[in-house]
Amino acid sequence: MEKIAFQKIYTKITRVTKATCTLHAKDVGYEEMAVVGDRLAQVVKIIGDEVTLQVFKGTEGIPTNSEVVFLSRPPMLTVGDELAGRFFNAYGQPIDGGPEIGGEERPIGGPSVNPVKREQPSQLIATGIAGIDLNNTLVTGQKIPFFADPDQPYNQVMAMVALRAEVDKIILGGMGLTHDDYLFYKQVFDNAGALDRIISFVNTTEDPPVERLLVPDMALAAAEYFAADKNEKVLVLLTDMTLYADALSIVSNRMDQIPSKDSMPGSLYSDLAKIYEKAVQFPAGGSITIIAVTTLSGGDITHAIPDNTGYITEGQLFLRRDTDIGKVIVDPFRSLSRLKQLVIGTQTRADHPQVMNTAIRLYADAANARTKLENGFDLTEYDQRTMQFAREYSSTLLAIDINIQITEMLNTAWELFRKYFRREELGIKQELVDKYF
Amino acid sequence: MNFQLNTQSMREGNVTMGKVAGIVANLVHIEVDGPVHQNEICYIHLGSIRLMAEVIKVQDQFTYAQVFESTRGLRVGAHVEFTGHMLEVTLGPGILSKNYDGLQNDLDRMEAIFLQRGEYTYPLNEDVLWQFTPLAVPGQTVTGGDWLGEVTENWMKHRIMVPFTMTDTYTVKQMVAAGTYRIHDLIATLEDRSGRLSQVTMVQKWPVKIPIRAFREKIRPFRVLETGVRCIDTLNPITEGGTGFIPGPFGCGKTVLQHALSRQAEADMVIVAACGERANEVVEIFKEFPELTDARTGRKLKERTTIIANTSNMPVAAREASVYTAMTIAEYYRCMGHKILLLADSTSRWAQALREMSNRMEELPGPDAFPMDLPAIISNFYARAGYVILNNGITGSITFIGTVSPAGGNLKEPVTESTKKVARSFYALSQQRADSKRYPAIDPIDSYSKYLEYPEVKKYFDENISEEWLDQVTRLKDLLIRGKEAYEQINILGDDGVPMDYHIRYWKSEVIDFIILQQDAFDKVDASTPIERQKYLMEKILNICSMEFTFENFEEVNPYFKRLINVLKQMNYSEFRSDAFNGFEKELDIILSERLN
């Protein structure tokens, strides 16, 4: 590891916990990096001359007399165009066997953008998936997670979205990724011939959990380089944020902090917001869009992690298996893109907002009809029609394997309206009905 | 921020200094060489920059301060200077239309795209010349908050007042003549009872944690504040000087509702405190308000709006300060006789900031790890709103609406419960309504407004809307409850298992839901409904609900009411009394006559 000559070496650690160690040292800066033996660490607490270090790799086997050197700098990432196409670990060191990166070193976890200097997100990101483009349109500068149970194909959907989206760079921040999923991403990106616009920071399940805490900041420091310095459109994929939050709770627990809901640290909201709020549309044209994954436990969104995430992000996407058509769909009820209002009906056709809402309302009517049916009641003729509509809506628009243009999605929706409903059952503005029905 | 301008230091003479002795995130332990005050502001030196911090605890040899910035790189031994002042805001002409951070730094004056640590900008423009008109004359007796003169800020009268810190009585010794002056120019000279002279400019300072009480009395609110949102105005109105809160899980439209209120509410000035929420939402206000026109005044919305932005990624400690900064600015303008609407989104983030600090100070936690005094902090804050009569008999008001983001959407959590004890109107956002896209998702049955019980408000309705209004509101709510009951029965017993009457009752409540409760915040016409039109709707819908419809079988009920709702919806989308509107109204009468005996 990097050690610089003439630096003071400390050799007396006075306290060791599973994730931290404490020693007496002078003239140490807060959040400064250090090396304990051969492991990287960061200053998390200073009281007088007693300095507590968070050891990323964990403290297993650390002797109380191991050498500790302070590096006089916060965690840094070397940024440059050479980042493109490369794979790194949580410290920003190459893991693909390629050469070291040359370029400017920048501190990660830097300051936030002045809100008055932000632009309003305004460019639609088309994915071809109607469950997203039609019902939950994505916009550059947005941050949105997939809320998914571990058994759902969120990594596949995310990879698909990333490759279809028209962006200049895709940055993958993998936290606690299984080795198989890591290889999956590598292969998909490779097959798509897209490797040269992809940068990956990966912490797999084989790596120590506390290291994960560096991954989002590394990925976003790289994103800021391309978006702010190079005015590029950058898409950041963060998977899985639940594992990131788990690592936060490990550290706060070791620091004797009082846990709040679900054993999570009281600062969880701020910790997550610092990451997600890096999503931005810069005035010069560059942008950072964040698509994340938050895995749920049994679909429970009231757990502290998805709950805090939902308050921070601009919507959320739910995947669900529709047993009627035997496919995975983007759930129209629980999914939401808050920024869609900025583009639908203006960058897309004027009937988009009303078509979207009406289709979802009719789909909800179908869900009610289904409940009736399950309770053993007779269905009205209207109920029958909504159920037929729902089935076709699900298979021709909501299924994630659909890949069509937005105008085509709208036309398909009108076609279904015509097929199953009368115009007064739609509740759509007269002028639009006259034009498209 | 400059603290030496015109408030006096809490300690004369000696300046206290200190050295950093410990750092845990943004909590810094300081060893001091002299007296310090609780909540005193100090600056910590870090290289060439100074980080602003506030004293929050003193224990034995250590003073604990929360730093309003990141402490990265800070070292033990760093030099600290104490200012002798609490956190103060600078009050004077030019606050309107500004975009501030939680510490009242002018965000537009910061050059860089990224916020730089230790960069503090003066909140007012010191070079602008204001056209000043004196209101007081030499010889007059005045006290803190009395008007000495006025300037015109955008379109509002901005009164220049005797500084609130001057609580004694004074004689006006000298007044400058009408003319143009800068904010720091001398406006008046006042003499106290012992003959000491004080010079007054257009600027004064006030500590944010202390309420401004420069008025004669606070009275019970009586006038309804029109918001244009039907399910608020019609069903559960808020009053001028009233308090309300909007709890709701994420995705239920809290923010859309707050934005609608900030655009449409009938107030002289709107202060939006974006407290720990998404930056893009604030950007929306930054970009749209300069373009949107206020229907009442014809001026741009930005002209009546001040934004205090401490978004979720900005330093946590400044989040708490931001709501106080916003409230103090509101109190300042209320003392000028204006009607202020203060919106805070979200008060839960502020409570979480308190929790983070309490946790770092290793205090014993209360419920959900929030500090024990959270209910007291919240109720003291809400109590700063209100309708006041100033010393000169003129009235002013602060209407405060806060949002609450309950963890897991569970309303039995400390912030919601504490707020429920103090806020008088309650707008419960329902996940179920949001899921079925029934926006605004305010639950009509769970929500309430205590103001409906006020005799003062009843009198206001009698005189300004109609004497039947309150009865009509009650009838509307009853119809909704009966409709909900009918719906539950239908679900249990099945469509053909209930009498026809149940179907009709349910569908009548659906008419109320679709036509009065639901409102399209993104439609030009439907977004805001003036009270006159709400009165029309109330009468129209109650009339329909009192009609006796006849159907052969229940299968006819659903399509019939769908047609009815469709036409009424088209009316909501049309300009009131326009040709299109009148056309749909005729169509409605035809549909109604079909089923009447």
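Modeller: Before we start, two strands pair if DSSP finds at least two bridges between them. Keep in mind that this is a predicted model.

Colleague: Okay, which strand of chain A is joined by bridges to β1(B), and how do the two run?

Modeller: Look at residues 39-47 of chain A, which form strand β5. There are 2 bridges between that strand and β1(B). One of the partners is Ile47(A), matched in β1(B) with Gly22(B). So that pair counts, since two bridges is the minimum, and the answer is β5 of chain A, with the strands running antiparallel.

Colleague: Which element gives the most to the side of chain B that touches chain A?

Modeller: The contact draws 63 residues from chain A and 65 from chain B. On the chain B side, the elements giving two or more residues are β1 (17-24), α3 (279-288), α5 (347-360) and α13 (557-573). With 9 residues, the top contributor is α13(B).

Colleague: And by class, how many residues on that side of chain B are nonpolar, polar and charged?

Modeller: We're still on the side of chain B that touches chain A. Its charged residues number 18 and its polar ones 22, while the nonpolar count is 25.

Colleague: Now inside chain B: which strand gives the most to the side of domain 2 that touches domain 3?

Modeller: Domain 2 spans 130-204, and domain 3 covers 217-426 + 440-455. Their centres, taken over C-alpha atoms, are 31 Å apart. In the contact, 10 residues of domain 2 meet 10 residues of domain 3. Of the domain 2 side, 5 residues come from the top contributor, residues 156-161, strand β12 of chain B.

Conventions
Residues are numbered from 1 along each chain as its sequence is written. Chains are lettered from A and ligands numbered from 1 in the order in which they are written. This is a predicted model: local features need pLDDT of at least 70, side-chain atom pairs count only at pLDDT 80 or more; totals for chains, interfaces and linings use all residues. Two residues are in contact if their C-beta atoms, placed from the backbone, lie within 7 Å. Helices (H or I, at least four residues) and strands (E, at least two) are DSSP runs, numbered from the N terminus. Ala, Val, Leu, Ile, Met, Phe, Trp, Tyr, Cys and Pro count as nonpolar, Asp, Glu, Lys and Arg as charged, and the others, Gly among them, as polar. Domain bounds come from an automatic or database domain assignment.
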